[in-house]
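Subject: Structure for your review

Dear colleague,

Please find below the structure I should like to hand over to you, together with its sequence. A summary of the pocket analysis comes after it.

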Amino acid sequence: MKSFDIHQFEYPPKKPSINSVLDYKKRLATIKEEQLKNKTTNSSSEPIYTDIEEKIMNEAGDMSLVGHLTELRRRLIVMVIAIIIGAAISYYYVDTLIAILTAPAGKLYYMKPTEAFFTYLKVSLVGGILIAMPVLLYEIWAFIVPALTKGEKKITNLYIPIALILFCLGIVFSYFLVLPAAVKFFIGFSTDELLPLFSIGQYIDFVIAFILPFGVIFELPLIVMLLAHLGLVSSRFLKSKRKLFILMAFIIGAVISPTPDMFSQTMIAIPMILLYEVSVFIVGKIMKK
């Protein structure tokens with residue numbers, strides 16, 4: 001009977017990185033192209049890979065999906081921990097945050113025993129997400145970057161910090177310019193017989209739903225620049241679609257507005273139109289597209 005050796009295997013097994021799998025696929029594709037060009041294969045030539053190498057490569061392909069899922073789980077855990085830490089920091093300063101958010105409206109009330117408590121938790125959670133935003137963007141970028149080319153990596157390295165800055169600018173713009181005008185507009189309906197009595201829960205919901213969309217709206221120039229960089233749009237194309245975008249801006253304003261009134265819709269649509277014009281200028285004058 002033939003004896004056999006006991007091999008020691010590393011546990012847990014190391015999963016191949018996505019770069020190694022992609023390099024192997026590129027190498028295999030190149031070899032196949034060379035074989036098709038030669039159109040003849042020498043049966044006596046040595047095999048490209050040994051049996052052990054073929055087995056390792058096959059296992060790498062099978063394990064890549066498990067490796068990606070494991071990495072995704074790890075990054076999601078990091079993102080959740082970052083949000084929890086950010087929420088804890090926000091809760092520590094929640095009184096200051098509430099004072100900042102309620103400054104445009106003045107004195108507020110709460111109508112239910114638990115309304116103020118859950119409002120504090122909501123503000124803390126939203127603040128935690130905003131504080132953790134750099135970590136969230138980094139984890140998303142780090143997960144997809146191994147599959148990107150060098151050119152695509154350069155684009156992401158440039159655009160992600162700009163996206164974060166534009167998001168913050170949208171929040172600041174909305175809080176200092178748009179939100180006070182909206183609150184003043186709605187308070188203007190009060191009379192001697194009709195006094196404004198805002199509930200803190202409903203007011204904070206209104207503020208969050210009114211401010212956060214501006215952070216996304218301010219990403220419009222970046223999205224247009226990215227599309228222009230990829231050659232999908234040009235300044236001429238953007239100018240030809242100006243009327244259509246104005247219509248779409250008011251439709252989007254009506255959809256994301258926290259209230260169904262025309263004023264809130266217009267306050268969201270006008271910045272979108274101005275940002276669209278800025279995007280047209282950047283693409284045409286700066287990017288020369």
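The following paragraphs describe the two pockets in turn.

Please note that this is a predicted model.

Largest pocket

The volume of the largest pocket is about 500 Å³. Its lining consists of 21 residues, and those nearest the centre are Leu97, Leu101, Leu130, Ile171 and Ile211. Two or more lining residues come from each of the helices α3 (94-102), α4 (115-131), α6 (150-187) and α7 (200-217). Among these elements, α6 makes the greatest contribution to the lining of the largest pocket, namely seven residues. As to chemical character, the lining of the largest pocket comprises 19 nonpolar residues and two polar ones, with no charged residue.

Second largest pocket

The second largest pocket holds about 410 Å³ of space. It is lined by 17 residues, with Leu137, Tyr159, Ile160, Ala163 and Leu222 the closest to its centre. The elements that supply two or more residues to this lining are α5 (133-144), α6 and α8 (220-229). Here too α6 gives the most, with eight residues. The lining of the second largest pocket contains 14 nonpolar residues, one polar residue and two charged residues.

Taken together, α6 is the main contributor to the lining of the largest pocket and also to that of the second largest pocket. Charged residues are absent from the lining of the largest pocket, whereas the lining of the second largest pocket includes two.

Yours sincerely

Methods: Residues are numbered from 1 along each chain as its sequence is written. This is a predicted model: local features need pLDDT of at least 70, side-chain atom pairs count only at pLDDT 80 or more; totals for chains, interfaces and linings use all residues. Side-chain values use heavy atoms; hydrogens and water are left out. On a 1 Å grid over the protein atoms alone, a cavity is a set of points where a 1.4 Å probe fits but cannot get out, and a pocket is an open set with protein on both sides within 12 Å along at least five of seven lines; lining residues have an atom within 4 Å of a point. Grid points are joined across faces, edges and corners, and a volume is the space filled by probe spheres set on the points. Helices (H or I, at least four residues) and strands (E, at least two) are DSSP runs, numbered from the N terminus. Ala, Val, Leu, Ile, Met, Phe, Trp, Tyr, Cys and Pro count as nonpolar, Asp, Glu, Lys and Arg as charged, and the others, Gly among them, as polar.
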